[in-house]
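Okay, thanks for coming, everyone. I'll put the structure up and then walk through it a piece at a time.

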Amino acid sequence: MLFSSCTFLMSQQNHFQNFFSQVSTSLNISNIFYGIMFDAGSTGTRIHIYTFMQKSSAEPPHLDNEIFESVKPGLSAYVDQPEQGAETVRGLLDMAKQTIPSTHWSSTPVVLKATAGLRLLPEQKAQALLSEVQELFEESPFLVPDECVSIMNGTYEGILAWVTINFLTGQLYDQNQRTVGILDLGGASTQITFLPQSTLKAASEKYISPFEMFNRSYKLYTHSYLGFGLKAARLAILGALGGKDESRMYRSSCLPPSLKAEWKFGGINYKYGGMAEEVTGFQSCYAEVLKVIREKLDQPAEIRSRTFYAFSYYYDRAVDTGMIDGDQGGIILVKDFEMKANKVCEALTETNTGSPFLCMDLTYITALLKEGFGFYDHTELQLKKKVNNIETSWTLGAAFHLIQSLRTAPE
Ligand SMILES: Nc1ncnc2c1ncn2[C@@H]1O[C@H](COP(=O)(O)OP(=O)(O)O)[C@@H](O)[C@H]1O
Ligand SMILES: [Ca+2]
């Protein structure tokens, strides 16, 4: 298997195996168990408390319920105050204590995986944050798998999100599998993952990852781009990525001409503003955005004819601009993002309401989809935040993967 799953202390491992064998052999009690998965994202920390039911050891666990809560900002904002960062996690963990019956605490694993925000921090600072969280988990009454407070790599992130969506849409169990691809646009990184049906060109082959889930093997195409999340892209477009000069003013034609403001990301304060009215608008903004995207991304041809689910900032910006309903989600075409970007950017000089970054964000999303990944104007995207009332996050895939690795762990 590609991934080294969480390694467990022997006593914990045995404890868990006992727990699972109890689960699968007792017929009369309701076979409920729980899993706590933290998503330490670049813009916020989220807890997902999953309730599973296991009817027999031969069947995959059934997902019964999810409880979800989040806090902002993310752990990376506490780069120089790791204890304070861990306090935000404590608040969420207390919620798990209120939700999960105390009889199940010691058999409920708690895991935190950090994504691009921590990937971008200096290693020592990221480790200091993770150590504080690890300490907090060890003091808690929950089962703490060894090495389960970690920075997840981007490959894992894409694959686990793919597992979540294809589980929730019923594709992982279907005999005639017609899996869907995923597009996740986070604050600091972005992922594209799908199951190829045709041979990929040599340049794309290196992004193939073998993966096993629920007794099936897959060879997924998955590629994570660090620094191409929406907020990191803002900095790249402004020419401020990696910049530490807090006195400098960064300008872009994607921003309202009269704008002068400050924005904090990853613990650094950036000053930013617009340009002269004559150079403001969609065309010049698109040209600026292309500089950070062109020839930077792999373009597997097959994606143009496949179904993709898009979430995170694809979803949020589509909701912000009325393209889809905030609860229901919806289906849009790639060109709908372009039309909306055009409209918002052309109105920059007239109005200054809402987010000053809206024109830049929509233009970036358009360019990323078209010039970055190579989607057609008419490619359809399914925008979903929840499927069957469950968050479309990589965390569910991670919880399944954890359960699977616990069951197959050697005695
Ligand atoms: N549970 C969730 N379900 C759906 N979208 C989420 C969830 N958690 C975060 N998001 C979205 O993720 C985006 C932020 O990405 P984030 O996870 O903070 O960054 P990164 O993945 O780059 O570390 C936002 O659009 C936010 O709405
Ligand atoms: Ca994320």
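**The ligand and its surroundings**

Let's start with ligand 1, which has 19 residues around it, and the closest are Thr43, Arg46, Thr115, Asp316 and Glu391. Before I go further, a word of caution: what you're looking at is a predicted model.

So which atoms pair up with the ligand? On the side-chain end, an N or O atom of Glu391 sits 2.6 Å from a nitrogen atom of ligand 1. The backbone joins in too: a polar backbone atom of Ala188 is 2.8 Å from an oxygen atom of the ligand. Tyr313 also contributes through its backbone, with an N or O atom 3.2 Å from a ligand oxygen. How much of the ligand gets covered? On its own, ligand 1 would expose 560 Å², and the protein buries 91% of that.

Tyr313 brings us to helix α9, residues 313-320. Its buried residues are Tyr313, Tyr314, Tyr315, Arg317 and Ala318. If you're wondering about spacing in helices, remember that an α-helix has 3.6 residues a turn, so residues three or four places apart point the same way. Right after α9 comes Gly322, with a positive phi near 70°.

Now back to Thr115 and Arg46 for a second, because there's a residue that touches both: Asp39. You'll find Asp39 in strand β1, residues 32-40. Is Asp39 buried or exposed? It's buried, at 6% relative accessible area. Setting aside residues up to four places away in sequence, Asp39 touches Gly44, Thr45, Arg46, His48, Lys113, Thr115, Ser393, Trp394 and Thr395.

**The cores**

Next, the inside of the protein. The largest nonpolar core has 60 residues, and the ones with the most contacts inside it are Leu183, Tyr314, Tyr364, Leu369 and Phe373. Which helix supplies the largest share of that core? That's α11, residues 358-373, with 10 residues. There's another core apart from this one, with 38 residues, including Leu160, Ala161, Phe167 and Val180.

Take Leu183 as a way into the big one. Leaving out neighbours within four places in sequence, Leu183 is in contact with residues that include Gln191, Ile192, Phe308, Tyr314, Leu369, Phe373 and Leu381.

One more buried residue while we're here: Ile100, in the loop between α2 and β4. Its relative accessible area is 2%, so Ile100 counts as buried. What does Ile100 touch, beyond residues up to four places away? Tyr34, Ile36, Ile49, Trp105, Thr108 and Phe142. Ile49 is 51 residues from Ile100 in sequence, yet the two C-alpha atoms are 8.5 Å apart.

**Salt bridges**

How many salt bridges are there in the whole structure? The search finds 15, and I'll pick out a few. Asp80 and Lys125 meet with N to O at 2.7 Å. This pair ties together distant parts of the chain, 45 residues apart: Asp80 is in the loop between β3 and α2, and Lys125 is in helix α4. Asp80 counts as exposed, because its relative accessibility is 52%, while Lys125 is partly exposed at 33%.

Then there's Glu262 with Lys271, at 3.9 Å from N to O. Glu262 is partly exposed at 48%, and Lys271 is partly exposed too, at 28%.

Lys370 pairs with Glu338, and their closest N and O atoms are 2.6 Å apart. Here the link runs from helix α11, which holds Lys370, to helix α10, which holds Glu338, with their positions 32 residues apart in the chain. And some bridges share partners: Arg234, Arg317, Asp320 and Asp361 are joined into one network.

**Backbone oddities**

Last bit. Most residues other than glycine have a negative phi, and most peptide bonds are trans. So where are the exceptions? One of them is the cis peptide bond between Lys72 and Pro73, with omega about -5°. Pro73 is in the loop between β3 and α2.

Glu295 has a positive phi, near 60°, and lies in the loop between α8 and β13. Glu295 is exposed, at 76% relative accessible area.

Asn388 has a positive phi as well, about 50°. Its place is the loop between β16 and β17, and at 62% relative accessibility Asn388 counts as exposed.

That's my tour. Happy to rotate back to anything you'd like to see again.

Note on methods. Residues are numbered from 1 along each chain as its sequence is written. Chains are lettered from A and ligands numbered from 1 in the order in which they are written. This is a predicted model: local features need pLDDT of at least 70, side-chain atom pairs count only at pLDDT 80 or more; totals for chains, interfaces and linings use all residues. Side-chain values use heavy atoms; hydrogens and water are left out. A nonpolar core is a set of buried Ala, Val, Leu, Ile, Met, Phe, Trp, Tyr and Cys residues joined through side-chain atoms within 4.5 Å. Buried means under 20% relative accessible area, exposed over 50%, partly exposed in between (1.4 Å probe, protein chains only). Helices (H or I, at least four residues) and strands (E, at least two) are DSSP runs, numbered from the N terminus. Contact means heavy atoms within 4.5 Å. A residue is near a molecule or strand if one of its heavy atoms lies within 4 Å of it. A polar contact is a pair of N or O atoms within 3.5 Å; within protein, one must be able to donate a hydrogen and the other to accept it, and residues adjacent in sequence count only if both atoms are side-chain atoms. Accessible areas come from the Shrake-Rupley method with a 1.4 Å probe; for residues, only the protein chains shown count as cover. A salt bridge is a side-chain nitrogen of Lys or Arg within 4 Å of a carboxyl oxygen of Asp or Glu.
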